[in-house]
Amino acid sequence: MGPVQLNELTAFVAVAEHRSFTKAAAQVGISKPTMSLTINALEQRLGVRLFNRTTRNVALTVAGDRLVAQIQPILEGIDQALDSVNSFRDKPIGTLRLAIARPVAMTSVAQIVRPFLAEYPAIRLEVALDDTHSDIVSGRFDAGIRVGHRVERDMTVLRITDDFKVFVVAAPTYLEQHAKPLHPKDLHSHNCILYRAPWNGTVQTWLLEKDSEETEIAVDGSFTVNDANFMLNAALDGVGIGYLPEEMIAHHVAAGRLVVLLDGWGRTVPGYYLYHPSRRQTPMPLQVFLRFIEKWRKRPQPAVRDVRIGYDASSAGSIKKIGRSKRIA
């Protein structure tokens, strides 16, 4: 048996984690045929089959399961040892892989990328849009960013943005043909753009609050999307009424392309949070990114009031106390 190569073991662990040659090849950065050849070469060197393969499934054999249990911690230790050398460099180096929910990536978080890469030019940033709340550990991501702080167990959480508002909006072209709704219950007679959540496949209800009252509306409409930007574009085109974060609609409202409806009704939503595995040694690229976010959150932010929305951006972090929830079917 010839000496086993480190790249073969890395490829083996990637296939074992993903149970897919295609996904493992994408992670490692090689083609699927090359991945298959690498695993075949490793099996020949060891003289045992590591995977049972069919056209649809990839499963570890008993030998493969035993090998991955022993090899995985060793490879993680090698990664940590190499990363520890980063502390001796003038500029940190390495790759930072983030799984980010699409609405998050298209708003505030996008503002972080350019200054972060400018400050740390030796770090390579890889972002994967992920609306399914997938497991960042099995996906070999360093961290994830999503709305809210409720994440998997054994995760460390860092707030990136303050809480924000979601409003009901429509284009003037839509309102030219339909009476403006004045109360949440009026939405039942309108064509609302529905949102099907990618993480569980359910159509989301619209939660709205005003003063001490909160209402949940099961809206209906002829158009369903699974992406907030698609909803925004549809609302701008006059397809129907949308339910969107203030950050996505503010400049469209200011320009008169969208109108905020329901006078004072909206919803306060938890801000954007970064989460990452709780482990003894955090990779250097993630360490500097965490420090950068903490510094970025302390930057001066002038209060900006949009009179059309009627919402003071300087108070975005405050959550109003709401009364008992009432559902309108």
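Colleague: How does helix 8 pass helix 9, in a right-handed or a left-handed crossing?

Modeller: In this predicted model, the crossing of helix 8 past helix 9 is right-handed.

Colleague: At what angle do the two axes cross, and within what distance do they come?

Modeller: The axis of helix 8, residues 228-236, and that of helix 9, residues 246-254, come within 11 Å and cross at roughly 20°. Because angles under 35 degrees count as roughly parallel, helix 8 is described as roughly parallel to helix 9.

Colleague: Which residues meet there?

Modeller: From helix 8 there are Ala228, Asn229, Leu232 and Leu236, and they meet Met248, Ile249 and His252 of helix 9. Sorted by class, the contact between helix 8 and helix 9 has 5 nonpolar and 2 polar residues, with no charged residues.

Colleague: Switching to the sheet with strand 5, what is the strand order?

Modeller: That open sheet is formed by 5 strands in the order 4-3-5-15-6, and the pairing is mixed. At the edges are strand 4 (123-129) and strand 6 (155-159), each of which pairs on one side only. On average, and with direction ignored, neighbouring strands of this sheet are turned by 25° against each other.

Colleague: What does strand 5 do with its neighbours, in which sense does it pair with strand 3 and in which with strand 15?

Modeller: With strand 3, residues 94-100, strand 5 pairs in the parallel sense over 3 bridges, whereas with strand 15, residues 272-277, strand 5 pairs in the antiparallel sense over 4 bridges.

Colleague: And which residues stand opposite Ile145?

Modeller: On the strand 3 side, Ile145 of strand 5 stands opposite Ile100, while in strand 15 the bridge partner of Ile145 is Leu274.

Colleague: How many residues of strand 5 are buried?

Modeller: Strand 5 covers residues 143-147, and 4 of its 5 residues are buried, so that, with buried meaning under 20% relative accessible area, the strand is mostly covered.

Colleague: What about strand 6, how many bridges join it to strand 15?

Modeller: There are 5 bridges joining strand 6 to strand 15, and the two strands run antiparallel. One residue to look at is Val157, whose bridge partner in strand 15 is Tyr275.

Colleague: Zooming out, how many helices and strands does the protein chain have, and what percentage of its residues count as buried?

Modeller: The secondary structure of the protein chain comes to 10 helices and 18 strands, and 42% of its 329 residues count as buried. As for contacts between residues at least 6 apart in sequence, 76% of them join residues at least 24 apart.

Terms used. Residues are numbered from 1 along each chain as its sequence is written. This is a predicted model: local features need pLDDT of at least 70, side-chain atom pairs count only at pLDDT 80 or more; totals for chains, interfaces and linings use all residues. Side-chain values use heavy atoms; hydrogens and water are left out. Buried means under 20% relative accessible area, exposed over 50%, partly exposed in between (1.4 Å probe, protein chains only). Two strands pair if DSSP finds at least two bridges between them. Axes are lines fitted to C-alpha atoms, for helices over the stretch in contact, and angles run from 0 to 180 degrees between N-to-C directions. Angles under 35 degrees count as roughly parallel, over 145 as roughly antiparallel, 65 to 115 as roughly perpendicular and the rest as oblique. A crossing is left-handed if the near helix is turned anticlockwise from the far one by less than a right angle, and right-handed if clockwise. Contact means heavy atoms within 4.5 Å. Ala, Val, Leu, Ile, Met, Phe, Trp, Tyr, Cys and Pro count as nonpolar, Asp, Glu, Lys and Arg as charged, and the others, Gly among them, as polar.
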